[in-house]
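Visitor: I have a structure in front of me and little practice. Can you show me how to read strands, helices and cores?

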Amino acid sequence: MAYIALYRKYRPRRFIDMVGQEHITRVLKKQLQTGQTAHAYLFCGARGTGKTSAAKILARAVNCLDPIDGEPCGKCAICAMGDESLSADIMEIDAASNNGVDEIRDLRDKISFAPTVCRYKVYIIDEVHMLSTGAFNALLKTLEEPPEHAKFILATTESGKIPATILSRCQRFDFKRIPTPEIIKRLKEVLEDLGFTYEDDAVSAIASAAEGGMRDALSILDQCIALGNGRLMYSHVVETIGSLSTHEMDALIDRLMEGSVDGALRMAEHAYLEGKDLSMVLRDLTTAFCGRMVQASEKKQPVEFYLRAISILSEGETAMRFSQRPRTALMAAIARIALVGRDDSVEGLKARIARLEAALESGAAIKPNVQGTKAAAADPYEDVPPPMEDLPPWDEEPAYSAPKAEQKPAPLPKAEPQKAAPAAPSPKAPGKYQAFLDGVRKRSPMVYHALSFGTLFEEGEKSVAIQFDEKGKVMEQTLRIPLNMRIVEEALKETYGEGSTIAFTDAPMGKQEDLPPLVKKAQSLYGTDVTITD
C-alpha cells in the first residue's frame with residue numbers, strides 16, 4: 001500500500017477529533033441535533049486550521065443514516081463512501097482551477113437533479129475567493145435559493161475578497177489559529193500512535209514553526225521523522241525547518257542587547273553560510289523579542305527597547321519580502337537593533353533608558369555602549385575576524401595563530417627641542433563632593449557613571465546641587481529612578497550626614513539680551529535656537 005502523508009492519515013473524521021475549534025463544532029453539532037442546518041456555510045480562517053476537514057465532516061453528518069449526538073456514525077454506507085470520497089452526492093470543487101463562469105453554470109444546471117444515494121447534495125467549494133466576478137454573479141441566485149436537496153459549504157483563507165452579496169447569504173464561521181499547547185498535545189498523540197520516541201524540545205519547535213496550523217505541523221513532523229530511526233530529535237527539527245537553535249537564538253539576542261554590532265552581524269553571517277532560512281530567522285527573532293517583552297511587562301520592567309526591536313524587525317520582514325537580497329535586509333535589521341543604544345531619536349533615547357532600567361532592576365552590570373569600547377566579557381566573534389567561511393562553533397573560543405614579531409619602524413628625524421607647556425591640573429571636586437562621588441562609585445559604578453555627566457553647581461554644609469546640560473538629560477532621568485536615588489542618598493548621608501539633600505538643575509541657556517536684534521527677531525519667527533556662524 002502506498003504511503004499516506006500524516007496530515008491525510010490523521011485528518012479528523014468527527015467533530016470531536018478537531019483541535020482548537022470547539023466554538024464552531026459546538027454550534028454545528030447543535031444544528032445537526034435539532035435539524036436546523038443552513039443551506040450555505042462559509043468557513044474562513046488561516047491555512048491548516050480545519051476548514052476542509054470540518055466541511056467533509058458536516059457533509060457526512062447531514063447525510064448519515066444513524067447520527068450520534070450530531071456526529072456521523074462512521075459505520076453506515078454513507079459515512080464509508082464519504083470517507084473514501086466515493087459518494088457522487090458529496091462533491092469537492094477547487095475554485096482555484098475551476099474559477100470561470102462556465103464551471104459555475106455547469107454546477108447550476110446539475111444542481112436541480114436529485115441526489116442518487118444521499119439525502120442531500122453537498123457542494124464543498126475550496127478557496128472560493130479565487131472565483132472570478134462573473135462566476136460569483138452566476139452563483140449568486142443559486143446560493144440564495146438552492147433546491148431543498150442541496151447545500152453549499154464554501155471555504156476560504158481570504159474572506160476580504162468575498163463579495164458582500166455572497167457573505168450575506170451564508171452562515172459565516174471563523175476558524176482560529178490552533179494554540180501551540182494543543183498542537184503539541186496532538187503531535188505527541190500521533191508520535192505515540194506511530195511508535196516513535198521524541199524529545200519535548202523537538203515537538204515544541206515543530207508546533208512553534210507551524211504558526212497555528214495543524215496541517216503544517218503534521219507536514220513538518222512527516223519530514224523530521226524521516227531523518228530519525230524511530231526517534232524525533234531536536235537537531236533534526238532545526239535542520240529541517242532551517243531555524244536557529246535555542247542556544248544560538250539566545251546568544252544572538254544577548255549580543256543585540258549588549259549593542260555588539262560586530263558580534264551580532266557575525267552570527268547572522270554564520271547562519272547565512274550554514275544555509276538557514278533567513279525569513280525563518282527573522283520571524284523567530286521577532287517571536288523571541290515578543291516573548292521577552294511579555295516577561296518584562298509581567299515583571300513591571302520597561303519594554304521600550306523590545307518595542308523598538310520588534311518595530312525594526314517588522315520593517316525588515318517587509319523589506320525581505322520584496323527584496324531580491326534577503327540577506328541584506330536581515331543584516332540591516334540586526335545592525336539597527338544593535339545600534340539602538342546610539343540612536344539619538346526620541347524612540348532611541350527611550351529604548352536606551354529602558355535598557356538601563358531593566359539592567360538595574362535585575363542587578364546586572366551594564367556594558368558601555370560606545371563606539372570603539374569593547375564589552376567586558378570575552379566575545380568569540382570579536383577581536384581578529386576569522387574568515388567567514390571558517391567561523392568557529394557557537395560555544396567555542398576561536399583559536400588564532402600567534403601574531404608575527406612586530407617590526408620596529410625606522411627612527412624619525414630628531415626635531416628641535418621645544419619647551420613643554422605646563423600640564424593643566426586635573427580638575428578635582430571641591431569640599432566633600434569628591435568623597436561623595438567615591439561613595440557612589442563604591443556602591444554602583446553605573447550610577448557613578450551617570451552622575452559624572454553632571455557638574456557641581458553648589459555645595460553647602462548639608463546640601464549638593466548638580467547641574468546637567470542638554471546632553472546629560474538622559475543620565476539625569478536615569479538618576480531619578482528610585483533604585484538609583486536610594487544609592488545616591490546613602491552615599492550623601494554617609495558624606496554630609498543626616499538630613500542632607502541633593503538637587504539636580506539644568507544648565508542655563510544663552511541669554512536672550514546678548515543676541516543682536518536681528519537674531520532675536522529670527523528666533524521669535526522660527527521658534528528655535530539661532531547660532532551665529534560668522
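Guide: Start with a term. A crossover is right-handed if, with the strands pointing away from the viewer, the path from the first strand over the helix to the second runs clockwise. Keep in mind that this is a predicted model. Here, E3, helix H6 (residues 133-144) and E4 make a right-handed β-α-β unit.

Visitor: How many bridges join E3 to strand E4?

Guide: Five bridges join them, and the two strands run parallel. Pick out one pair: Ile125 has Leu154 in E4 as its bridge partner.

Visitor: In which sense do strand E2 and E3 pair?

Guide: Strand E2 (residues 90-94) pairs with E3 in the parallel sense, over five bridges. Asp94 has Asp126 in E3 as its bridge partner. The chain gets from E2 to E3 through helix H5 (residues 101-110), and this β-α-β crossover is right-handed.

Visitor: How many residues of strand E3 are buried?

Guide: Buried means under 20% relative accessible area. By that test, six of the six residues of E3 (residues 121-126) are buried. Now look at directions. Lys121, Tyr123 and Ile125 point one way, Val122, Ile124 and Asp126 point the other way, and all are buried.

Visitor: Now a helix. Why do residues three or four places apart point the same way?

Guide: An α-helix has 3.6 residues a turn, so residues at that spacing share a direction. Turn to helix H11 (residues 234-241). Its buried residues include His236, Val237, Val238 and Ile241.

Visitor: What covers the buried residues of H11?

Guide: Among the covering elements are helix H9 (200-210), helix H10 (214-225), strand E7 (231-232) and helix H14 (278-298). Just after H11, Gly242 takes a positive phi of about 75°.

Visitor: And cores? What should I expect?

Guide: In soluble globular proteins, nonpolar side chains tend to be buried together. The largest nonpolar core here has 35 residues. Leu252, Leu256, Leu285, Phe289, Ile334 and Ile337 touch the most other members. Helix H12 (246-258), helix H13 (261-273), H14, helix H15 (304-322) and helix H16 (326-338) each supply at least two residues of this core.

Visitor: Which helix gives the largest share of this core?

Guide: H16 does, with eight residues. Next, zoom in on Phe289. Leaving aside neighbours within four places in sequence, Phe289 is in contact with Ile253, Leu256, Met257, Phe305, Tyr306, Ala309, Ile310, Leu313 and Ile337. A second, separate core has 28 residues, including Ile178, Leu191, Ala202 and Leu232.

Key:
Residues are numbered from 1 along each chain as its sequence is written. This is a predicted model: local features need pLDDT of at least 70, side-chain atom pairs count only at pLDDT 80 or more; totals for chains, interfaces and linings use all residues. Side-chain values use heavy atoms; hydrogens and water are left out. Buried means under 20% relative accessible area, exposed over 50%, partly exposed in between (1.4 Å probe, protein chains only). Helices (H or I, at least four residues) and strands (E, at least two) are DSSP runs, numbered from the N terminus. Two strands pair if DSSP finds at least two bridges between them. Contact means heavy atoms within 4.5 Å. A nonpolar core is a set of buried Ala, Val, Leu, Ile, Met, Phe, Trp, Tyr and Cys residues joined through side-chain atoms within 4.5 Å.
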